[in-house]
Amino acid sequence: MSNTSAPASVAVTQERKVVTAIPGPKSQEMHKRRAEVVPPGVGAALPVYIENAYGSIVQDVDGNQFIDFATGIGVTTIGHANDAVVAAVAEAAAHFTHVCFTVTPYEGYVKVAELLAKHTPGNHAKRTMLCNSGAEAVENAVKIARKYTRKNGVAVLDHAYHGRTNLTMSMNFKNAPYATGFGPTAPSIFRAPSSYPYRDGLTGAEAAKRTITYLEKIVGAEDLAVVFAEPIQGEGGFIVPADGYLPAIQEWCTKNNVVFVADEVQAGMARTGAYFASEGFGFVPDLVTIAKGVGGGMPIAAVTGRAEIMDASHPGGLGGTFGGNPVSCAAAIAIFSEIEKDNLLDEAKRVEKTLGGGLKKLQEKYPVIGEVRGKGAMLAIELVQPGTKDPNAEAVTKIVAFGAQHGLLLLSAGTYGNVLRFLPSVKTSDALLEDALGVLDEALASL
């Protein structure tokens, strides 16, 4: 790290800048050190080593600056090193860094729970437990649903992604690479067909009928505790379900004493232009799993849901040493404040207008783009062989590499590896969005 005492806000200008080969010499040297002590199973999408990050730009040790369309996989939704979040973290750390909420509690945990009760969908009484990661939130949601219903089965959807722990990797649609060689996987997991309008051509009602038929005829509601759905599927390729699909699944779950969980780990916390993506689909989940953007880079996650469901667990059945760490809680409280103060829900819609509009123009120009989809600052393009819907993963790989060489940090996604997903901060300026679109234009032209 540099010895400079200047804060990141001073060191990182909001501009794309490439001054060395990518990765540069200092990053290459650090990558050699990494190989000696870090196993290859911990991947590196782009081995440039970051020294500073602020706003919508990450700066590596060689001085290269990248427009960040990854945001730590959807974490720094309101920008890197947000001044209010940094100040809140510093103040909290000066008081105490840890005592464990289940030993001696503190107000920050309670305040986060109050904010989540206010901003998650529905006006019913709610409870929240805090934990450390999205996968941990999903695991706890399973526990809570099983305790409440006294049933065992867990249903997930095609193209779903829920994590890398033993249970959550068992819930993922793709076995490879998340579960390859790590078995045996967890039992009582059932995979139901989902809604993928670009590929299945079904209306929401038709797709829901197909899902419900599977749940009734193949799984059986009698021992089904919970159904999980990402309102917009993340790793699966930012798949937006057809209108009416999710409300129909929720209605079926309610009638059959099945808990319906909205996995909002990636789509939640202002990213789609609402606090939670569920709001845009007209349904109220029983439980919501939350992580990533809620902490702005600090590790914190949550399960928030109906009081009668959350209260089913016995004292001591929920918790963990670091769950709801006081410093992470301070960051989360600041995130909520910043969303309100800076009207960031509308900013996400601005990103959709600028970036989404630009992507649709590129689609008109390049037939390799089969579909532009998403909401707010959670957008994607699915790449195909021109004239068909055959997945074109090779094009995605080339565009990600082109972006890296030209100062644009991109992520791939999709069951078939043929989706480019865009997760910029909701505060990314139109100028940076237009600059990124220019890089994408050049990348597409180079195919």
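Me: Contact here means heavy atoms within 4.5 Å. On that basis, what covers the buried residues of helix 14?

Reply: The cover includes strand 3 (65-68), strand 12, strand 13 (408-409), strand 14 (411-413), strand 15 and helix 15. Keep in mind that this is a predicted model, where local features need pLDDT of at least 70, side-chain atom pairs count only at pLDDT 80 or more, and totals for chains, interfaces and linings use all residues. Residues are numbered from 1 along each chain as its sequence is written, while side-chain values use heavy atoms, with hydrogens and water left out.

Me: What makes a stretch count as a helix or a strand?

Reply: DSSP runs do, numbered from the N terminus: H or I of at least four residues for a helix, E of at least two for a strand. Helix 14 has 13 residues, for instance, and glycine 407, just after helix 14, takes a positive phi of about 80 degrees.

Me: How do you know how helix 14's reach compares with the expected span?

Reply: Take 1.5 Å times one less than the number of residues. For helix 14 that gives 18 Å, and the first-to-last C-alpha reach of 19 Å is close to it. Helix 13 (residues 344-365) has 22 residues and reaches 31 Å, close to the expected 32 Å.

Me: Why is serine 328, over in helix 12, called buried?

Reply: Buried means under 20% relative accessible area, exposed over 50%, and partly exposed in between (1.4 Å probe, protein chains only). Serine 328 has 2%, so buried is the word for that residue. Beyond its neighbours within four places in sequence, serine 328 is in contact with Met298, Pro299 and Ile300.

Me: And why is lysine 147, in helix 6 (residues 134-149), called partly exposed?

Reply: Lysine 147 has a relative accessible area of 39%, so it lands in the in-between class. Leaving out neighbours within four places in sequence, the contacts of lysine 147 are Ala312, Ser313 and His314.

Me: Why are helix 14 and helix 15 called oblique to each other?

Reply: Axes are lines fitted to C-alpha atoms, for helices over the stretch in contact, with angles from 0 to 180 degrees between N-to-C directions. Under 35 degrees is roughly parallel, over 145 roughly antiparallel, 65 to 115 roughly perpendicular, and the rest oblique. The axes of helix 14 and helix 15 come within 9 Å and cross at roughly 130 degrees, so the pair is oblique. At this crossing, Ile399, Phe402 and Gly403 of helix 14 meet Val439, Leu440, Glu442, Ala443 and Leu444 of helix 15.

Me: What makes helix 4 and helix 12 roughly antiparallel, then?

Reply: The axes of helix 4 (residues 83-95) and helix 12 cross at roughly 150 degrees, coming within 8 Å, so roughly antiparallel is the label. Ala84, Val85, Ala88, Val89, Ala92 and Ala93 in helix 4 meet Pro326, Val327, Ala330, Ala331, Ala334, Ile335 and Glu338 in helix 12. By class that contact has 12 nonpolar, no polar and one charged residues (nonpolar: Ala, Val, Leu, Ile, Met, Phe, Trp, Tyr, Cys and Pro; charged: Asp, Glu, Lys and Arg; polar: the others, Gly among them).

Me: Which residues of helix 13 are buried, and what covers them?

Reply: The buried ones are Leu344, Ala348, Arg350, Val351, Thr354, Leu355, Gly356, Gly358, Leu359 and Leu362. Their cover includes helix 12 (326-341), strand 11 (369-375), strand 12 (378-383), strand 15 (419-422) and helix 15 (430-445).
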